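Hi,

Here is the structure I promised to pass on to you. Have a look at it first, and my notes on what turned up follow below.

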Amino acid sequence: MSYFVRRIFFSFFVIVAVAVLTFVIMRLLPGDPLTTWLGDRPTQEQIDKARRELGLDQPLYVQGWKYIGNVARGDFGRSLRTRRPVWDELKEKFAATFELTSLAMFFCLLFGIPVGIAAARHPDSPWARLEKFLSLSGVAIPVFWLGMLLQILLAGKLNWLPLQGRGVLPPPEHSYTGLLLLDALLNLEYDTFADALQHIFMPALALSLASFGIITRSVRSAMGQVLHKEYIRTARAFGVPQKRILFVHALKNALIPVITVSGLVYGYLLGGTFLIERVFDWPGLGQLAVMSILTNDMPVVSGVALLYAFVYTLINLALDLFYLWIDPRITKNAV
Amino acid sequence: MSEALLTLEELTVKAGNLTLLDKITFSVKRGETIGIVGESGSGKSMTAWSILRLLPKGVKAAGGKVCFKGTDLYSRSTEEMRALRGRRIAMILQDPHAALNPIRTIAAQMDDVIRAHFREDKQARRARMRRFLTMVELAESERVLSSYPFQLSGGMLQRVLIAMALCLEPDMLIADEPTTALDALIRLQIVELLQKVQRESGMALMVISHDFGVVSKLAGHIVVMYGGRMAEYAATGEILEHSRHPYTRALLKSRPSVKHVAERLYTIPGTPPKAGEPEKGCKFEPRCPFRAGRCRREAPPLYEHGRGRVACFFHEDLKNV
Amino acid sequence: MFRNRYTKTFYLSSGYLLLLALLALLAGGLTPYPQDAGNVMHFTERLLPPSLSHPFGTDSLGRDILTLVLFGARLSLMAALGVVGLALVIGIPLGLLAGLKGRWLDDLIMRVCDVFLAFPPLLLPVILAAALGPNLKNAIIAVAVSWFPWYTRILRAQILTVRHLPYITAARSAGASDIWLMWRHILPNSMAPVLVQATLDMGYAILAVAGLSFIGFGARPPAIEWGLMITASRATFLDFWWTAFFPGLALFITVFAFNLSGEGLKKILATGDES
């Protein structure tokens, strides 16, 4: 358990470092943040006032220190562009991005795991060849190009799905989670659900297709190894039905390396949001990040970077926990 | 007419063009113990897997029959075989650590096995587990049940596996190298345990090993295999005292013994053959001290000689040596 | 025999890459429309679908897309070499320091790497590229600086393993000096995984730079770069699919080829793990 405590402590330190690093880099950005804050042609008096207000007259390290202190208290500052609290901006956009990446992850696993299993069980079948092709080509596809191709096909030519955006219908009455799909269901607003689903489908699909191959490869490799283990043969020798062997014995063992890989994949998905959100005009963190970088909106950029790093670290920590739960050998200190 | 429980009739198993098992023939009656002895690669494990029809990819039965309680197992459906495995014929393997799933408790794994064959409720299943764990002389059955494989020693795990095999109350147990992965002291205990278990349950036992000592303690009859073929098949006493096959003799001679302390341990010159070679003639010929020209040209058939069967042209002569 | 099959793929993909490099170099001389690489506009030939005279069609300015793709190959290949090269230049010395000098230096370097690696992919390059000013050169630098920690980690891990190998200990006890050991044994044996990874990464480098160009933090007009071409096509791609399709296809095939070559190299060097 002390291992785990150390990990948490360390992750925390890393996130702080990320904040500092972003902060430093943002200060190097060309362009004057004051322009964003004040608009065109400010008077010298306004400039000086703003400079003091924003604390830009302080030396760098003081600014940095203050920032960390504020963040610790939950104060992320105000957006220079919209003047709203950064936290509010982050909250809105985060839900959108989180919904997108989570659905993409779900697709990845939903299709990736069965294909990987099939490829492992029948190494010479079409499944295996499909897996091989997907795992090599999937990671080579530019995710934004894939998104656009989907748009051409599904929105342009076939007109099955809407082109862009998160939804045309107004959001559900009670926002429980911020996730449109869930909220719509919880509110029993099925129209809104369908609308949201139609809008999220293509971007999530594009995101997942690119990372899908990593999952199938990992599953195939892990399953392939497990299926050759002696305990699988023993289970068969005792007459345990094949289905049970596959899903209870083999899969659980094979999941261990797959879990590690999933953390990595989620990271790729998060990175992909920058590109996909642009293609699909998705109102998420990626778009927010780009916009705020372009307008030198430093607090927002720092906030976004912090949030991304935080989510990424959290996901990996959660996966580690899951891994510990599945494999008792670690906690019980096996040799 | 005493019926045999299991009869192998000229069972032949091939992997493509390579013959892995060539016309294996023997039978086991209820309550009897048969031993299968041979070096690694002789096909003894393959025989066991062939009985259960769990052959690896690319390996297929190419001839002969495996009759269990009257029906040829190779004419059974997949589901019938599944129901039979463990329930009628159970098998335990060499390395007990590898044979169990490292991330599941003993109880969970035994439960899987029981549920695959019996419709008992949780209580009954638990009771069954405890009963058989006690039969294999594992004292704290509850503790064992809630443990993971890595928390138990090799000897204990082998007992657990035996218990798992027994708890389905099969007609026959196949033990493939049950003692090989264990220390010498534990080995003896396991052998005695197998004897006791067989006595109490009345089931048939097939012991496969390269260790003549283990086999001769347990088995009433012995099949000696070499290169995928049968070399000799007779009662244990007959094999030990009056073996008529050069290979069997060589094997017996190469046992380390406390009684005859020789200067050098006898080893059979040469190496066991790979699958499929030599094609013609007797498999043992290259290493046989009694070989003749004929041995290279033809493979000897399995001769019946009243007290057993031998596959050697010169078995008559060997009788007197 | 199995080995041969992989080598064939390797030759195929490497052959494609060499061909591409050659074509990129000679692009100006090969195409019937060399002027399209510059800032031209052919009003009457805008947005023509693929045909014999324009196998990839024309874009919204009337320029031949095949020509543009060939010219774009220059930047992409340069990006691949630039990113990986720079990342190695930064990463290898740090990895050496961490692996050989050890103690607090090792810890420090590793912590720095951990911070870099805590950023999800693309976030750091985006911020860096924006900070440095958006153009291709800075995009290359941004990606390289975000990636070097990978190489540092790999090299360090390998050095640590090699250092403790029995034959090194044996040599040391026979009197070999540390520096000599480092040069002749530890270094050469540690480099392999790093180089394999670098080859595999070339494709991803192209993708990263193209991605940055796509959002606007990389190559800028009038540069001709595949990612840039795709973002430029956003106005027209729905009705004129070829404006987006071919640059992206070029990206895909090239990255794919780099992946195959990398995998092939891994098998040839026999250092990679079983897959």
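Before the notes, one definition: helices and strands here are runs assigned by DSSP, with at least four residues for a helix (H or I) and at least two for a strand (E), and they are numbered from the N terminus. In those terms, Pro222(C) is found in the loop between α7 and α8 of chain C. The peptide bond that leads into this residue, from Pro221(C) to Pro222(C), is cis, with an omega near 5°. It caught my eye because most peptide bonds are trans.

Please keep in mind that this is a predicted model. Its scores are ipTM 0.85 and pTM 0.80.

**Chain C on its own**

Chain C has nine helices and zero strands, so by the definition above its elements run α-α-α-α-α-α-α-α-α from the N terminus on. Its C-alpha trace spans about 80 × 50 × 30 Å along the principal axes.

How confident is the predictor about chain C? The mean pLDDT is 82, and 94% of the residues of chain C reach 70 or more. Within the chain, confidence is highest in helix α8 (residues 226–232) of chain C, at 91. Confidence is lowest in helix α1 (residues 2–30) of chain C, where the mean is 72. There is also a stretch, residues 271–275 of chain C, with pLDDT below 50. Beyond near neighbours in sequence, that stretch has seven contacts in the model. Where pLDDT is low, the predicted coordinates should not be read in detail.

One helix pair in this chain is worth opening in your viewer. The axes of helix α2 (residues 65–101) of chain C and α3(C) come within 7 Å of each other and cross at roughly 140°. That angle makes α2(C) oblique to α3(C), and their crossing is left-handed. On the α2(C) side, Leu94(C), Leu97(C), Ala98(C) and Lys101(C) take part. They meet Arg103(C), Leu105(C), Asp106(C), Ile109(C) and Met110(C) in α3(C). By class, the residues of this contact divide into six nonpolar, no polar and three charged.

**Who touches whom**

Which chains share the most contacts? Among the two pairs of chains that touch, that is chains A and C. Their contact takes 33 residues from chain C and 38 residues from chain A. On the chain C side, the elements that give two or more residues are α3 (103–118), α4 (123–132), α7 (178–215) and α9 (242–269). The largest share, eight residues, comes from α9(C). This side of chain C divides into 26 nonpolar, six polar and one charged.

Chain B also meets chain A, with 24 residues of chain B in contact with 20 residues of chain A. In chain B, α2 (78–84), β6 (89–92), α3 (96–99) and α4 (106–115) each supply at least two residues to that side. The side of chain B that touches chain A has 16 nonpolar, three polar and five charged residues. No contact joins chain B and chain C, and their closest C-alpha atoms lie 18 Å apart.

**A helix pair in chain A**

In chain A, the axes of helix α5 (residues 86–121) and helix α11 (residues 242–280) come within 10 Å and cross at roughly 135°. α5(A) and α11(A) are therefore oblique to each other, and the crossing of this pair is right-handed. Among the α5(A) residues in the contact are Thr97(A), Leu100(A) and Cys108(A), and the α11(A) residues they meet include Val265(A), Tyr266(A) and Thr273(A). The contact divides into eight nonpolar, three polar and no charged residues.

**Strands and a loop in chain B**

Strand β1 (residues 4–15) of chain B pairs with strand β2 (residues 18–29) of chain B in the antiparallel sense, over eight bridges. Here Ala15(B) stands opposite Leu18(B) in β2(B). The hairpin of β1(B) and β2(B) has two residues between its strands, and Gly16(B) takes a positive phi near 70° there. β1(B) also pairs with strand β4 (residues 59–68) of chain B, again antiparallel and over eight bridges. In that pairing Val13(B) stands opposite Ala61(B).

Lastly, look at Glu177(B), in the loop between β7 (172–176) and α8 (184–201) of chain B. Its phi is near 50°, a positive value in a residue other than glycine. Most residues other than glycine have a negative phi.

Happy browsing, and write back with any questions!

How values were computed
Residues are numbered from 1 along each chain as its sequence is written. Chains are lettered from A and ligands numbered from 1 in the order in which they are written. This is a predicted model: local features need pLDDT of at least 70, side-chain atom pairs count only at pLDDT 80 or more; totals for chains, interfaces and linings use all residues. Ala, Val, Leu, Ile, Met, Phe, Trp, Tyr, Cys and Pro count as nonpolar, Asp, Glu, Lys and Arg as charged, and the others, Gly among them, as polar. pLDDT is the predictor's confidence in each residue, from 0 to 100. Axes are lines fitted to C-alpha atoms, for helices over the stretch in contact, and angles run from 0 to 180 degrees between N-to-C directions. Angles under 35 degrees count as roughly parallel, over 145 as roughly antiparallel, 65 to 115 as roughly perpendicular and the rest as oblique. A crossing is left-handed if the near helix is turned anticlockwise from the far one by less than a right angle, and right-handed if clockwise. Two strands pair if DSSP finds at least two bridges between them.
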